[in-house]
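Here are a few exercises to work through with a structure at hand. Take your time with each task before you read its solution.

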Amino acid sequence: MGINMAIDQNVEELLIMGDSYLIIRQAQGEWETRDVKLIPYKQHVEDLSKRFKSIEFRYIPHCHNELADALATLASMLPYPGNAHIDPLEIQIRERHGYCNTIEVAPNTQPWYHDIKKFLKTQEYPEQASRDQKRTIRRHASGFFLSGDVLYKRTSDLNLLRCVDAEEAERIMYEVHAGVCGPHMNGYVLAKKSFERVITG
């Protein structure tokens, strides 16, 4: 699709960068394509490549391809407008991820689940809690499970999500985005799964 778009825009010289080492090497002709389902795609790419004065396929590691991954995810979420004019996107690259710029943590405060955890452990309420606040704590506490000193949130499908404070959540998110937990998925799915597994108030 990207090559077809370049042809429609009368591009003569094209650089294609991808984070799949296998696909790039096959497109370069350095590796053979054996999967019968992929052979027609490779042949189609070869046919389209003849429409350019020059075309280059270049491998780029996934960690250096976050912007393209984010744009691909965005494109998959929007309907194609047909022949309608699409204004160019203006992209600002920040030094930190967007979610880092919106987090504000008050210093020396208890984690968001402190009152729930205390109630499950000791059946005690905060000293200044009103009757409504106590009722709210009891209602929330019914959806949590305390194992030793670790608090979990029960989900509707009977899974348990570990509750973490802001400091631990920041460390976990850093490890997830650094790929410590395994191969990356696209940005939309990664963000969705990160928020499913990490509860941060």
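The exercises below go from the whole chain to a helix pair and then to a single residue of this predicted model.

**Exercise 1.** Work out how many helices and strands the protein has, and in what order the elements run.

*Solution.* Start with the count: there are 9 helices and 5 strands. Next, walk along the chain from the N terminus, and the elements read α-β-α-α-β-α-α-α-α-β-β-β-α-α.

**Exercise 2.** Find what share of the residues is buried, and what share of the exposed area carbon and sulfur atoms supply.

*Solution.* Of the 201 residues in the protein, 19% are buried. Turning to the surface, the protein exposes about 15,900 Å², and 53% of that area comes from carbon and sulfur atoms.

**Exercise 3.** Decide how helix H6 and helix H7 are oriented to each other, and name the residues that make their contact.

*Solution.* First locate the pair: H6 spans residues 114–122 and H7 spans residues 131–141. Their axes lie 9 Å apart and the packing angle is about 80°. An angle of 65 to 115 degrees counts as roughly perpendicular, so H6 and H7 are roughly perpendicular to each other. Now list the contact: H6 brings Asp115, Ile116, Phe119 and Leu120, while H7 brings Ile137, Arg138, His140 and Ala141. Sorted by class, this contact holds 5 nonpolar, 1 polar and 2 charged residues.

**Exercise 4.** Is Ser49 buried or exposed, and which residues does Ser49 touch, leaving out those up to four places away in sequence?

*Solution.* Ser49 belongs to helix H3, residues 39–49. Its relative accessibility is 14%; buried means under 20%, so Ser49 counts as buried. With residues up to four places away in sequence left out, Ser49 touches Ile55 and Phe57.

Conventions: Residues numbered from 1 in each chain as written. Predicted model: local features only at pLDDT ≥ 70, side-chain atom pairs only at ≥ 80, totals over all residues. Heavy atoms only, no water. Helix = DSSP H or I, 4+ residues; strand = E, 2+ residues; numbered from the N terminus. Buried < 20%, exposed > 50% of the residue type's maximum accessible area, 1.4 Å probe, protein only. Areas by Shrake-Rupley, 256 points an atom, 1.4 Å probe, with all protein chains shown as cover. Axes fitted to C-alpha atoms, helices over the stretch in contact; angles between N-to-C directions. Parallel < 35°, antiparallel > 145°, perpendicular 65-115°, else oblique. Contact = heavy atoms within 4.5 Å. Nonpolar A, V, L, I, M, F, W, Y, C, P; charged D, E, K, R; others polar.
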